[in-house]
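This report introduces a protein model to a reader who has not met it before. Please examine the sequence and the structure shown here before reading on.

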Amino acid sequence: VVKNPILENVNSLLRMEQLYEAGIKEIRTKLEILDSEFKVKYDHNPIHHIESRLKKPESIIKKAIDKDVTLTEKEIMRHIHDIAGIRVICNYIDDVYVVAQLLINQDDIKLIKIKDYIQNPKDNGYRSLHLVLEVPIFLAEGVQPIHVEVQLRTIAMDFWASLEHKLKYKTDNNVPEDIKKELIQCAMSISELDYKMQSIHNRLNNDSEIQ
Ligand code: 0O2
C-alpha cells in the first residue's frame, strides 16, 4: 500500500480534532454540573457563561514552529497545551477560584500548569487565571489523556481582555503608547471594581448586615 502523506495528515488532523472536541465537551459538562449544583444549593450561579474554541491547524503549526516543537502528532499533543481552549466567565473573583479549585480536585483531572494573572497581573494589565488540565478521553481503542487550557476570569476582566485583544489585532501588535497607558489605568479601575462588587455581593448574602 502506497502511503499518501497528505491523506495521512488529514486523518491525523481529523483524529486530533475529534479528541480535542471531546476534551472540550468533558470539561464543559463538568463546569455546567458545578454551576447548576451551586444554583440549587446556594441560589447563586458562579459562572456567567462559557466559551470554547479549537485552535486552527495553521495556528497550531505556527505555534509549534515558534516553540521548536517537532511537527508530529505526538510532539504537538505533548507540547501545545491550548489546542482545546475553554474560557469561563464568572460573576465574581471568588467564583473564579472556587470553580478552578473544584475542577482541579476532581479525580479524573490532572493539573499540568497554573498561571495566576489575577494575583500577578501582566505588565499590560491582563488578569485571568489560566489552567492547563489533563483529562482522559475514553475511546473504543483505549484511554487517551489530552490537555485542555482553561482561562477563568470575571465579566469585568473579560471586558478588558476583549478590547485589548482587538486593539492588538487591529494595530498588528503595535498598540500606541498612550493607549497602552490608558489600558493599564482601565485594568486598575476594573480590578478595584471587581473587589467592590465582590464585597457588595458578600454583604448581600449576609442578611443581618443589610437589615
Ligand atoms: P489566542 O488567540 O487567544 O489563542 P503558550 O504561549 O500558550 O504556550 P503561555 O505563555 O503560558 O503559553 O500562555 P499564557 O500566558 O497562559 O497565555 C495564553 C493565552 O492567554 C493567550 O493565547 C491569550 O488567549 C491569553 N492571553 C495571555 N496574555 C494576554 C494578554 O496580554 N491579553 C489578552 N487579551 N489575552 C492574553 P494566544 O495563543 O496568545 O491567543
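The sections below describe the overall architecture, the sheet, a pair of helices and the surroundings of the ligand.

## Overall architecture

The structure is a predicted model. The protein contains 7 helices and 5 strands. Read from the N terminus, the order of its elements is α-β-α-α-β-α-β-β-β-α-α-α. The C-alpha trace spans about 80 × 45 × 20 Å along its principal axes.

## The sheet

The 5 strands of an open sheet are arranged in the order E1-E2-E5-E4-E3, and their pairing is mixed. Strand E1 (47-54) and strand E3 (110-116) occupy the edges; each has a single partner strand, so one side of each is left without a neighbour in the sheet. From one strand to the next, the twist averages 25 degrees.

Strand E4 (residues 129-139) and strand E5 (residues 142-154) run antiparallel and are joined by 11 bridges. In this region, Leu-131 stands opposite Val-150 of E5. Helix H5 packs on the sheet, where it touches E1, strand E2 (84-90) and E5. The direction of H5 makes about 90 degrees with that of E5.

## Helices H5 and H6

Two packed helices are described by the angle between their axes and the distance between the axes. The axes of H5 and helix H6 (residues 177-205) come within 9 Å and cross at roughly 165 degrees. An angle over 145 degrees counts as roughly antiparallel, and H5 and H6 are therefore roughly antiparallel to each other. The crossing in which H5 passes H6 is left-handed.

On the H5 side, the contact is made by Ala-156, Met-157, Trp-160, Glu-164 and Leu-167. These residues meet Ile-179, Leu-183, Cys-186, Ala-187, Ile-190, Leu-193 and Asp-194 of H6. By class, the contact of H5 with H6 comprises 10 nonpolar, no polar and 2 charged residues.

## Surroundings of the ligand

The ligand is surrounded by His-81, Asp-82, Lys-115, Lys-122, Asn-124, Tyr-126, His-130, Gln-151, Ala-161, Glu-164 and His-165. This shell divides into 2 nonpolar, 5 polar and 4 charged residues.

Helix H5 (residues 155-170) gives the most to the shell, with 3 residues. Glu-164 is among the residues around the ligand, and Glu-164 is also one of the H5 residues that meet H6. Helix H5 thus appears in each of three settings: on the sheet, against H6 and in the shell around the ligand.

Technical notes: Residues numbered from 1 in each chain as written. Predicted model: local features only at pLDDT ≥ 70, side-chain atom pairs only at ≥ 80, totals over all residues. Near = placed C-beta within 6 Å. Helix = DSSP H or I, 4+ residues; strand = E, 2+ residues; numbered from the N terminus. Nonpolar A, V, L, I, M, F, W, Y, C, P; charged D, E, K, R; others polar. Axes fitted to C-alpha atoms, helices over the stretch in contact; angles between N-to-C directions. Parallel < 35°, antiparallel > 145°, perpendicular 65-115°, else oblique. Left-handed = near helix turned anticlockwise from the far one by under 90°. Contact = placed C-beta atoms within 7 Å. Pairing = 2+ DSSP bridges.
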